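Reader: Pick a single part of this model and take me through it closely. Then show me how that part connects to the rest.

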Amino acid sequence: MNINPIQLFDTESSTYTYILAAPGEEEAVIIDPVARHLERDLRHLERLGLRLRYVLETHAHADHVTSAGRLRERTGAAAAVPAGCGIAPAELQLRDGDVIRFGTNEEIRVLHTPGHTAGSMSYVWRGNVFTGDTLLIDGCGRTDFQSGSAEALYDSIRDKLFALPDETRVWPGHDYREQAVSTIGWEKRHNARLAGRSREAFVQLMAELHLPKPKMIDVAVPANQNLGLPHGV
Ligand code: FE
């Protein structure tokens, strides 16, 4: 059965956080929680009677600080992170093809989708894919810092994400234009950066973006590599 996640938004960084829970289940997983929304996210879990089993990160974010470490302290959840992101204190270092199990029968499939960062992962659950900053709605994550690679991003999207069934719902890590959800089939046909563009043309397009450096990168990345906790904790 297809089930939607609970989608939550941070207006400061335009970040989406997702709570995954199946009907009738008591265990939940959260993806990419944001530090300033710790209490909001805990209230949602409490309201729904959910016990948090895992905190997942799609990558080490440069634009906001995660609440993973504090959520772990408050709920007893384990942190599960991409092995290639340098997030040492997490309990689980995920690799391509891993399966995360929670609840009675829930499975999240781990896809390594490098490009935005070398370690970036996407997560597949019940007809949904959580793409982090690899594939956005009508866009994609930037590839010009933090071990990014436009070539790798193109290959990840074409070979791994666009290989999912067309009806798979796409839940991105950010949105800047008030869009909430898309599908793989729609993005294949209409994504402004990818649809109908060759690998060479995509690499050139990404090289010509000249985006400003993210304001929080020097603070956020080291913090997120420690699950958002102050270093030395
Ligand atoms: Fe990012």
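Author: Two strands pair if DSSP finds at least two bridges between them. Keep that cut-off in mind for what follows. Also keep in mind that this is a predicted model.

Start with β13, residues 169-172. Two bridges join β13 to β14 (residues 182-183). That count meets the cut-off of at least two, so these strands pair. They run antiparallel. Arg 169 has Thr 183 as its bridge partner in β14.

β13 also bridges to β10. Here the count is four, and the two strands run parallel. Arg 169 appears again, as the bridge partner of Asn 128. So Arg 169 has a bridge partner in β10 and another in β14.

What covers the two faces of β13, and with which residues? Arg 169 and Trp 171 lie on one side. Val 170 and Pro 172 lie on the other. All four are buried, so both faces are covered.

Now move to β10, residues 128-132. Three bridges join β10 to β9, and the pair runs antiparallel. One of the bridge partnerships sets Tyr 123 against Phe 130. Two residues sit between the strands of this hairpin. In that hairpin, Arg 126 takes a positive phi near 50°.

Next comes β9. In a regular strand the side chains alternate between the two faces of the sheet. In β9, Met 121, Tyr 123 and Trp 125 point one way. Ser 122 and Val 124 point the other way. Which of these are buried or exposed? All are buried. That is five of the five residues, so β9 is largely enclosed by the rest of the structure.

β9 has a further partner in β8. Four bridges join the two, again antiparallel. Arg 109 is bridged to Val 124 of β9.

Now the aromatics in this part. The structure holds six aromatic pairs. Tyr 18 and Trp 171 make an edge-to-face pair. Their ring centres are 5.9 Å apart, with 70° between the planes. Tyr 18 belongs to β2 (residues 15-20) and Trp 171 to β13, so this pair ties together parts that are 153 residues apart in sequence. Both partners, Tyr 18 and Trp 171, are buried.

Phe 102 and Trp 125 make another pair. Their ring centres are 6.4 Å apart and their planes stand at 40°, so the pair is tilted. Phe 102 sits in β7 (residues 99-102) and Trp 125 in β9, so the link spans 23 residues of sequence. Phe 102 is buried, at 1% relative accessibility. Trp 125 is buried too, at 0%.

Ring pairs also build a cluster: Phe 9, Tyr 16, Tyr 18, Phe 130 and Trp 171. Phe 130 is the β10 bridge partner of Tyr 123. Trp 171 is on one side of β13.

Next, the metal. His 59 (NE2), His 116 (NE2) and Asp 133 (OD) coordinate the iron ion, at 2.0 to 2.3 Å. Along the chain, the donors follow the spacing H-x56-H-x16-D. His 59 is in the loop between β4 (51-56) and α2 (68-75), and His 116 is in the loop between β8 (106-112) and β9 (121-125), so the two histidines tie together parts 57 residues apart in sequence. Both histidines are buried.

That loop at His 59 leads to the open sheet. Six strands make up this sheet, in the order β1-β2-β3-β4-β5-β6, with mixed pairing. β1 (6-10) and β6 (92-94) stand at the edges with a single partner strand each, so one side of each lacks a neighbour in the sheet. Neighbouring strands here are turned by 25° against each other on average, direction ignored. β4 and β5 (residues 78-82) run parallel, joined by three bridges. Tyr 54 has Ala 78 as its bridge partner in β5. α2 packs on this sheet and touches β3 (27-31), β4 and β5. Its direction makes about 160° with that of β4.

Last, the cysteines. How many disulfides does a search of the whole structure find? Zero. The sulfurs of Cys 85 and Cys 140 are 17 Å apart, too far for a bond. Cys 85 is buried at 7% relative accessibility. Cys 140 is buried as well, at 6%.

Notes: Residues are numbered from 1 along each chain as its sequence is written. This is a predicted model: local features need pLDDT of at least 70, side-chain atom pairs count only at pLDDT 80 or more; totals for chains, interfaces and linings use all residues. Side-chain values use heavy atoms; hydrogens and water are left out. Donors are N, O and S atoms within 2.8 Å of the metal (3.2 Å for Na, K and Ca); water is not among the atoms, so sites may look incomplete. Buried means under 20% relative accessible area, exposed over 50%, partly exposed in between (1.4 Å probe, protein chains only). A disulfide is a pair of cysteine sulfur atoms within 2.5 Å. Axes are lines fitted to C-alpha atoms, for helices over the stretch in contact, and angles run from 0 to 180 degrees between N-to-C directions. Contact means heavy atoms within 4.5 Å. Rings of Phe, Tyr and Trp (its six-membered ring) pair if their centres lie within 6.5 Å; planes under 30 degrees apart count as stacked, over 60 as edge-to-face and the rest as tilted.
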